Amino acid sequence: MTIKRRTFLAATSAIAILATPVALSAQELPGNVRMVIGSTSTGGDTYQNSSIVAEALGEHLGINIRVDAVGATEAFKALERDSSGSTIMIFHDQSYLGHLYGVQGYEDPFANYVVGPTVAINPGNAYLVPADSPYQSMEDIFTAAANGERVRVAIQPGGVSEIGFSAMKNAASVMSPGSEDNIVPVNTGSQSDKNQAMWDDLADVINGSIQANEQFTQLPEDDATAMRFVWITARPGTLEQAPAEGMGGTSRDELLQYASPQTSVTLDGAEDFTFDKEFFFLFNPDMDPAIIDQIDTALTEIFAAGEIQERQKASFFIPNFLPSEEARAHLTEKRDTYGQVIEQISAE
Amino acid sequence: MLEIITPLFLMLIVAGTFIGIMFGAIPGMTATMAVAVSLPLTFPLGLENGLALLLGLYVGGIAGGLVPAVLLGIPGTPSSLTTTFDGYPMSKKGEGEKALRIGIVASLVGGLFSLAVLYFFAPPLAGFAIKFSYVEKFLIIFFALTVLAALSSDMLLGIFSGVLGVFISLVGTYDISDGGNGKLRLVPPGTEYWLDSGFSLLPVLIGIFGLTAILAQAELGMPKELDAKDIHVGRRSTFSFSIFGGQITNLLRSSSIGTFVGMLPGVGGSAASLLSYSYAKTFSKTPEKFGKGEPAGVVASESGNNGLTGGALVPLLSLGIPGDSTTAILIGAFTLQGIQVGPLFITNNPVTWDAMIFAMLIANIAMFAMMYFAIRYFALLVTVPKHILFPLILMMCVIGSYTINYGIMFDVWTLLIFGLFGWLAVKLRLELAPFIIGFILGPSAEVYFVKSLESFGDYTIFFTKSWIAAALWVLIIGSLAMSIVLAIRAGKNGTQDG
Amino acid sequence: MGAWTQVSIDFETSHLYFPTLIGALLVVLGLAILLRDRARIAGAGRYWRDVFAAMDKLRFFGTIVLTVLYFILMVPIGRIWPNTGMGFLLCSGPYVLLTGLLFMHERPWRQVAALTAIAIAGPAFVWWLFTGPFFLTLP
């Protein structure tokens, strides 16, 4: 169905395009929009989520929106160059976490860009141990660290994969000051590298996801690749919205066991640390704010219609639409919390 | 199972294979791109039909790279790089048609072999593949790098070119998603804006092979008389299946290497054909003929890179881990339909699994049928006058470079930079094939080398890690010894043509 | 094993480890080449004079200049009609035509007409294919 629309648009547009150069009324998204994303993978969650949104938004507004998986640095560059509204971006918490962790190529998105509406959550961020690990729970891990045992955690440094690790260190230092030094990172790359680090016995705990690692938790315990969840970082309210059947052989109720409040990784001794990977829009700071309003309105209507939620849930995303204002407030607060966590553990 | 095999299913495989071959055959277009652009189409098609299309594209795309590699000396896709080493010299000798036929048969054997391995042995092999830690993966890459010595016509300059390729490949950030720390290095001050992600492989490859070749022709003033003769497809030498008489071992060995290397996540597609080529040369009775139009070289390269197709699916379907960049995109097709890929995929989705195997089988057969009988038409490609062919190739290279990373202009400039570099390098007697091999393998060599030392803290780990490491050292030393013996022999005969 | 084989890599500086190693290797190989080929290197001036003397300068530099112009113009022209691939479409035609003319030896009108047709149809078809069915971004 999309083919027909695209082919038709492409075929008829050439002449129409030439007739209508730049001076478009700037209060609206132009007819051809490029949505750059912070990931280079077209098989990953950012791409999937963005294409669901791009398709819905494009159809609703009767315009073309292309999703280009150019990666974070290039996406920010493209966004910076173009204030006309013909380039917009979708990314997730990595955009500010990268900055908080001081990764090359990441600037403060709240200061340099305009943060727009959130659209969905990937609730899958998780930590796992080998099936035959002595650690049955996060509690065991913290106890081990407090007893002077070194716990090696495989992560991809500098962002979403590290934030849970930072939270572990922070919790360890809250519960038993000094024990955080026994929780050490094993810096790896992709998910397959992290799994491999576990299988090579280079890591005791790995960062992973419900989607990518659930099947490994279903393997018989004597399988060398078998794993167990120990922690899912999502907010309980997020996971509760997941389909009741959960993922694969693990029901939602079983997943909830590994998340706060049943599994607690404390933030400050009172509250639990949680992390949801939220996808949101980013805009060029000089873009006409009317375009943001247009997108907010369009998304409000799309989410009211309810179809997009089905698409999102089918791909294990939790629908999470917040219009720009609310999204900005929410994300700023979130950023501040994580900023403190990171500051605390690096201050020591 | 049977209810899946509908006319639409079959049609999608055939159409996918056909489009894949086109993508593979046009310099600058790759199998990865074919799969990526078609991914959104698979959502309305449904899982099995969508996979039929994508697998057809994958098989066709890898195989199609053979055509320009043989006829123009430009690899249509990075994994057909080694096909140019002997395929193009064969074309120049007027044996282009023969080289194509050999390549197509080898592709079919490689494709079917890896498919059989996938079907019968996927889970146990995936279990074996995960025994390859950083150390073993580094040694595999190192083994592939030893082909540098064997390929060079002047060993010192060849190795220098290869090491330079590695060096240039390290420019930019030490990529976090590969396990690096995300910091910049080797970037001249003032160029950070463009160079922070380094140079992309595809523009470098087509710059060095496509643009360099065209510049060299321009320098010679587009010699007209070469039009017909230079790239003559040739009836002069005939093809018969008896050529494969002495190649059975080579075929099976290269197919196995391709399949196995495909299984190792992160080692990557191009290493498959490099390794099988290197191995074929090392163990050949006439290694000196390699690089000068030796059919065995085409056999090794093509059966190796098509062996990749089944191999790369092994870790994907039995661990949920993609074996190469194309299968990484296939994950998207599954998740779009809400299907989990992981160790239980085959058990949980027997119908889809059978459908995939069947689709790959048909795709391989369709690929063979289309390419084998279309050789005459492929040959028409080289009868197109250069003043039309070259500008169009340049334009396609631009499109390929621009779209490979979804719209980055610097990739287009990279094409030009490396086109000029290639021209200059030839003048300086540097060698392009070793350079590009170094460039392709450099990033993985770095990650696995540094991570091995980071994890184990001792250089001896490369020798003591496992029996696999020890076995790899035997191969590495064998390959190096062979290159040295050959160089000495060539030196004695005074045939050094560097 | 002795301590001399041991190595400790700090993750923060690990991005320099391999480049340093490869750089050193490159220098060693470079020096070896200098030493071995010093005679040939001394004659480089002559060599390059010969290269340039034998070169078809018009076609060689013409190709480079046209390609540079093609790349430079594509982006600003494309930005007039954002995200439509017009920069590619409007620049590729002239580029194919001009390089084609440059590469031709005689320019009989029939061949020029054929080239012109291809320079119009080729880019147009590719533009349609990539922005339409393939739905990709072009400059």
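# A tour of chains A, B and C

Start in chain A, where strand 1, helix 2 (residues 45-61) and strand 2 form a right-handed β-α-β unit. Keep in mind throughout that this is a predicted model.

**Stop 1: the two strands of chain A**

Select strand 1 (residues 32-37) together with strand 2 of chain A. The two strands run parallel, and five bridges join them. Pick Asn32(A) and look across. Its bridge partner in strand 2 of chain A is Asn64(A).

Now isolate strand 2, residues 64-68 of chain A. Is this strand mostly covered or mostly open? It is mostly covered, with five of its five residues buried. Colour the two faces separately. One side carries Asn64(A), Arg66(A) and Asp68(A). The other carries Ile65(A) and Val67(A). Both faces are covered, and the residues on each are all buried.

**Stop 2: chain A as a whole**

Zoom out and show chain A alone. Count the elements: 14 helices and eleven strands. Along its principal axes, the C-alpha trace spans about 75 × 40 × 35 Å. How does its radius of gyration fit a compact globule? Chain A has 21 Å, which agrees with the value near 20 Å for a compact globule of 348 residues.

Switch on burial colouring. Buried residues account for 54% of the 348 residues in chain A. Then look at the contacts. Take those in chain A with a separation of 6 or more: 75% of them join residues 24 or more positions apart.

**Stop 3: the domains of chain A**

Colour chain A by domain. Domain 1 takes in residues 30-122 and 276-342, while domain 2 covers 125-275. Domain 1 is thus listed as two segments. Measure between the C-alpha centres of the two domains in chain A, and you get 27 Å.

Next, select the boundary. Here 16 residues of domain 1 of chain A are in contact with 19 residues of domain 2 of chain A. Which elements give two or more residues to the domain 1 side? They are helix 4 (94-100) and helix 14 (324-347) of chain A. Colour that domain 1 side by class. It has nine nonpolar, three polar and four charged residues.

**Stop 4: Met168(A)**

Go to helix 7 of chain A, residues 160-175, and pick Met168(A). Why does Met168(A) count as buried? Because it has 24 C-beta neighbours inside 10 Å, and the cut-off for a buried residue is 20 or more.

Show the contacts of Met168(A), leaving aside neighbours within four places in sequence. They are Val153(A), Ile183(A) and Val265(A). Then draw a distance from Met168(A) to Val114(A). These two residues are 54 apart along the chain, and their C-alpha atoms are separated by 31 Å.

**Stop 5: where chain B touches chain A**

Bring chain B into view. Select the contact: 38 residues of chain B meet 43 residues of chain A. Which helix gives the most to the chain B side? Helix 17 of chain B, residues 325-336, supplies six residues. By class, the chain B side divides into 18 nonpolar, 17 polar and three charged residues.

**Stop 6: chain C**

Hide chains A and B. Chain C has six helices and zero strands. Read from the N terminus, its elements run α-α-α-α-α-α. The C-alpha atoms fill a box of roughly 75 × 45 × 25 Å along the principal axes.

Check the radius of gyration here too. A compact globule of 139 residues would have a value near 14 Å, but chain C has 25 Å. Burial colouring marks 30% of the 139 residues of chain C as buried. Among contacts in chain C with a separation of 6 or more, 51% link residues 24 or more positions apart.

Colour chain C by domain. Domain 1 is 3-52 and domain 2 is 55-131. The centres of these two domains of chain C, taken over C-alpha atoms, are 39 Å apart.

**Stop 7: where chain C touches chain B**

Turn chain B back on. The contact takes 51 residues from chain C and 50 residues from chain B. On the chain C side, select helix 1 (14-36), helix 4 (57-80), helix 5 (86-103) and helix 6 (109-131), each of which supplies at least two residues. Which of the chain C elements gives the most? Helix 1 of chain C does, with 15 residues. Finish by colouring the chain C side by class: 32 nonpolar, 15 polar and four charged residues.

How values were computed
Residues are numbered from 1 along each chain as its sequence is written. Chains are lettered from A and ligands numbered from 1 in the order in which they are written. This is a predicted model: local features need pLDDT of at least 70, side-chain atom pairs count only at pLDDT 80 or more; totals for chains, interfaces and linings use all residues. Domain bounds come from an automatic or database domain assignment. Two residues are in contact if their C-beta atoms, placed from the backbone, lie within 7 Å. Helices (H or I, at least four residues) and strands (E, at least two) are DSSP runs, numbered from the N terminus. Ala, Val, Leu, Ile, Met, Phe, Trp, Tyr, Cys and Pro count as nonpolar, Asp, Glu, Lys and Arg as charged, and the others, Gly among them, as polar. A residue is buried if 20 or more other C-beta atoms lie within 10 Å of its own, exposed if 12 or fewer, and partly exposed in between; C-beta atoms are placed from the backbone. Two strands pair if DSSP finds at least two bridges between them. A crossover is right-handed if, with the strands pointing away from the viewer, the path from the first strand over the helix to the second runs clockwise. The radius of gyration is taken over C-alpha atoms; the globule rule is 2.2 Å times the number of residues to the power 0.38.
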